[in-house]
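Biologist: Please take a close look at one part of this predicted model: its aromatic rings. Then work outward from there and show me what surrounds that part.

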Amino acid sequence: MTEPVAATRTPEHTPGTARLIALSDGIYAIAMTLLVINVAVPADLSDTAFHKALSGTLPSLGAFALSFTLIAGFWRDHRRILTAVPVETGVVTRLTLLGLGLVALLPFPTSLLAEYASKPDAVALYAGAMAAIHAVHAALLLLTQRQVHPSPDSPAAKTRLRFTVQLASSVLVFVLSIPLAYVNTAAAMWFWITIIPAHVVLGHYHRRQARDQD
C-alpha cells in the first residue's frame, strides 16, 4: 500500500506499547478471517443450482480479495508505525483503538459491497471506512514524528513524512470516491485504483527532490 516507515533502530518498547502491538495483531487476524464468512455455497443443491450458486460467490470473493489485500497493508503499516514508537502515550492508545475498531468493522462494509455494489450507500460506506483507517494511520505518524525522529532534517524523518503524504493521498482518493458513488458506483470503485499511480508519482517526486538536495 505504501512505502515502509523510515528504517530506524528497533526501540525497547514499554509493556503498554508491546500490548498494543499484540492487540493489533489479534484484531487484524480476526478481521481478515471474518471476511471469508460470507463466501459460502448452500448444501444439497442440484447440479444446475450448484453452478449457479458457485458463480454467485464471485462478488463475495472479489470483495474478500480487495479487503484482505487492504487489511494486510493496514496491518503492515500499523505494525511499522507502532514498532517505531518507544513509549506508549494516551493519544497513541486512543488512536490505535479507534483504528482497530474501524478494522474490526470492515467485514460489514465488505459484505455490503459484495451484495450491493450497485447501491451508492454501500460503496460510500466502504470508501468512508477505508479513508478513516488511512487517516488514523496518518495521524499516528504525525503525532509521533518528534518522538521517533527528534531531528526533522534527518533522512529517516523525511522518509516518515513521505509515508504520511502517501497515506494522505489514499485518504483523498477514498473521500473523493464517496460523492462519485452517488453518480456512478462502478466509476467510484474504479477510481480507487488511482491510489497506485498516486503513490508512484509521489514516490518519484520525493526521490527527485532528494537527488536535487544532494
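Modeller: Start with Phe64. Its relative accessible area is 22%, so it counts as partly exposed. The cut-off matters here, because a residue is called buried only under 20%. Phe68 is also partly exposed, at a relative accessible area of 35%. Both residues sit in helix α3. They are 4 residues apart, which is about one turn of that helix.

Now the rings themselves. A pair of aromatic rings is described by two values, the distance of the centres and the angle of the planes. The search of the whole structure turns up 3 aromatic pairs. In the pair made by Phe64 and Phe68, the ring centres are 5.6 Å apart and the planes stand at 40 degrees, so the pair is tilted. The limits explain the label: stacked is for planes under 30 degrees apart and edge-to-face for planes over 60, so 40 degrees is tilted. There is also an aromatic cluster, formed by Tyr126, Phe174 and Trp192.

Trp192 leads on to the pocket. The largest pocket has a volume of about 510 Å³. Its lining has 19 residues, and the closest to the centre are Leu66, Leu70, Met189, Trp192 and Ile193. So which helix gives the largest share of that lining? The answer is α3, with 6 residues. That is the helix of Phe64 and Phe68. Helices that each supply at least two lining residues are α3 (58-83), α5 (107-115), α9 (185-191) and α10 (195-213). By class, the lining has 16 nonpolar residues and 3 polar ones. Charged residues are absent from it.

Next, Ala186, in one of those helices. Ala186 lies in α9. Its relative accessible area is 35%, so it is partly exposed. Its C-alpha is 7.9 Å from that of Ala117, yet the two are 69 residues apart in sequence.

Helix α8 (residues 155-181) gives two more points to look at. Pro179 is placed in this helix. Pro179 is partly exposed, because its relative accessible area is 49% and the exposed class takes values over 50%. Between the C-alpha atoms of Pro179 and Val123 there are 10.0 Å, for residues 56 apart along the chain. Phe163 is in α8 too. This ring residue is buried, with a relative accessible area of 0%. The C-alpha atoms of Phe163 and Leu141 are 8.5 Å apart, and the residues are 22 apart in sequence.

Leu140 belongs to helix α6 (residues 120-143). With 1% relative accessibility, Leu140 counts as buried. What does Leu140 touch, leaving out residues up to four places away in sequence? Its contacts are His78, Ile81, Val92, Leu95, Thr96 and Arg160. Take His78 as one example: C-alpha to C-alpha, it is 8.9 Å from Leu140, although 62 residues separate the two in sequence.

Step back to the whole chain. There are 10 helices and 0 strands. From the N terminus on, every element is therefore α. Of the 214 residues, 40% are buried. Consider contacts with a separation of 6 or more: 78% of them join residues 24 or more positions apart.

Last, how far does the predictor's confidence go? The mean pLDDT of the protein is 83, and 83% of its residues reach 70 or more. Among the elements, α9 has the highest mean pLDDT, 95. That is the helix of Ala186. The lowest mean, 71, belongs to helix α7 (residues 145-148). Over residues 3-11, pLDDT stays under 50. The model has 23 contacts for that stretch beyond four places in sequence.

Methods:
Residues are numbered from 1 along each chain as its sequence is written. This is a predicted model: local features need pLDDT of at least 70, side-chain atom pairs count only at pLDDT 80 or more; totals for chains, interfaces and linings use all residues. Side-chain values use heavy atoms; hydrogens and water are left out. On a 1 Å grid over the protein atoms alone, a cavity is a set of points where a 1.4 Å probe fits but cannot get out, and a pocket is an open set with protein on both sides within 12 Å along at least five of seven lines; lining residues have an atom within 4 Å of a point. Grid points are joined across faces, edges and corners, and a volume is the space filled by probe spheres set on the points. Ala, Val, Leu, Ile, Met, Phe, Trp, Tyr, Cys and Pro count as nonpolar, Asp, Glu, Lys and Arg as charged, and the others, Gly among them, as polar. pLDDT is the predictor's confidence in each residue, from 0 to 100. Contact means heavy atoms within 4.5 Å. Rings of Phe, Tyr and Trp (its six-membered ring) pair if their centres lie within 6.5 Å; planes under 30 degrees apart count as stacked, over 60 as edge-to-face and the rest as tilted. Buried means under 20% relative accessible area, exposed over 50%, partly exposed in between (1.4 Å probe, protein chains only).
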